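Thank you for making time for this. I would like to walk you through one protein model, slowly, and I will explain the terms as they come up.

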Amino acid sequence: MRKIFKRMFGSQSTTPTIELEEIEIDATEFNVTTYTPNTDTTIVYLPAIDFHSERFGRRPQRLLKALAEVGYNVIYINSSDEFYQVDALEYPYPELANFVVARVGQNVRTLFRGDRVIYWVNDSRLASSVETAYPDLVVFDSLTDPDQYEKHKHKMEAVADVVFITPERIYEHGKYCSHVHLVTADEFEIKERAEQVAQIIDALPNRTAPLM
């Protein structure tokens, strides 16, 4: 038995010491860097998809959670179409104090942080309301739901400063418009997509304030 082990692993007493050459590794080569938002920003998700809903593969919920992990302050205003939220405010992720789910109808302005407010829209029916609310930036995350979100889609695209579309959308419209970006939200790549979104919105200037 001892001879068999010697053949497999060798003998400690006879094994010469081998000096390994030290190799320097460039971490950026493996894309392990994390993008940090340039602006202290609050993203307000306007009510459309209930936070607990499974519709659209939970794309809005997962993408906004990832943006909170990147560093944004996220206020998810919940819809009451499917479920009723009992508490005025919910913090579903204990490790993310900057992600709050607010019951629709609550005044969330006291939760704003930083000097920039972004409205994140799924429901294209809010186009007129968003246009007159004058946030610093409007993001339209275009989803596929003919019953609710199709009728005013093109108006919402015109109102928005940037439009994110799913793969199903790219063949339907707008792929040649500079403010339209294909952003998938598959779970295995969600961190990369959040950093992609962060760099896009950080590079955009604030909307022009109305002349009053």
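I will begin with the kind of model this is, then turn to the sheet, the helices and a group of aromatic rings.

What you see is a predicted model, in which local features need a pLDDT of at least 70 and side-chain atom pairs count only at pLDDT 80 or more, while totals for chains, interfaces and linings use all residues. Residues are numbered from 1 along each chain as its sequence is written, and side-chain values use heavy atoms, with hydrogens and water left out.

The pLDDT is the predictor's confidence in each residue, on a scale from 0 to 100. Its mean over the protein is 79, and 73% of the residues reach 70 or more. Over residues 1–14 the pLDDT is below 50, and beyond near neighbours in sequence that stretch has one contact in the model, where contact means heavy atoms within 4.5 Å. Residues 27–32 also have a pLDDT below 50, with three contacts beyond near neighbours in sequence.

Now to the overall layout. The secondary structure comes to five helices and eight strands; these are DSSP runs numbered from the N terminus, with helices being H or I of at least four residues and strands being E of at least two. Along the sequence they follow the pattern α-β-α-β-β-β-β-α-β-α-β-β-α. Of the 212 residues, 42% are buried, and here buried means under 20% relative accessible area, exposed means over 50%, and partly exposed lies in between, using a 1.4 Å probe and protein chains only. Among contacts with a separation of 6 or more, 64% are between residues 24 or more positions apart.

How are the eight strands ordered in the sheet? They form an open sheet in the order β3-β4-β2-β1-β5-β6-β7-β8, with mixed pairing, and two strands are said to pair if DSSP finds at least two bridges between them. At the edges stand β3 (89–90) and β8, each with a single partner strand, so one side of each has no neighbour in the sheet.

Let me follow the β8 end of that order. β7 and β8 run parallel and are joined by three bridges, and F164 stands opposite H181 in β8. β6 and β7 also pair in the parallel sense, over four bridges, with V139 opposite V162 in β7. Both faces of β7 are covered, since V162 and F164 on one side, and V163 and I165 on the other, are all buried.

Two helices lie across this sheet. α2 lies across β1, β2 (73–77), β4 (99–102), β5, β6 and β7, running at about 155° to β2; the angles run from 0 to 180 degrees between N-to-C directions, with axes fitted to C-alpha atoms, for helices over the stretch in contact. α5 lies across β1, β5, β6, β7 and β8, at about 165° to β7. Among the buried residues of α5 are I190, V197 and I201, and what covers its buried residues includes α2 (59–70) and β6 (137–142).

Just ahead of that helix, E187 is found in the loop between β8 (180–182) and α5 (190–203). Is E187 buried or exposed? It is exposed, with a relative accessible area of 65%.

Finally, the aromatic rings. Rings of Phe, Tyr and Trp (its six-membered ring) pair if their centres lie within 6.5 Å, and planes under 30 degrees apart count as stacked, over 60 as edge-to-face and the rest as tilted. By this rule there are seven aromatic pairs. The rings of F51 and F99 have centres 5.9 Å apart and planes at 50°, so that pair is tilted. It links distant parts of the chain, with F51 in the loop between β1 and α2 and F99 in strand β4, 48 residues apart. Y93 and F99 form an edge-to-face pair, 5.3 Å centre to centre with 70° between the planes. F51 and F99 are both buried, F99 with a relative accessible area of 0%, and Y93 counts as buried at 16%. Ring pairs link Y45, F51, Y76, Y93 and F99 into a cluster.
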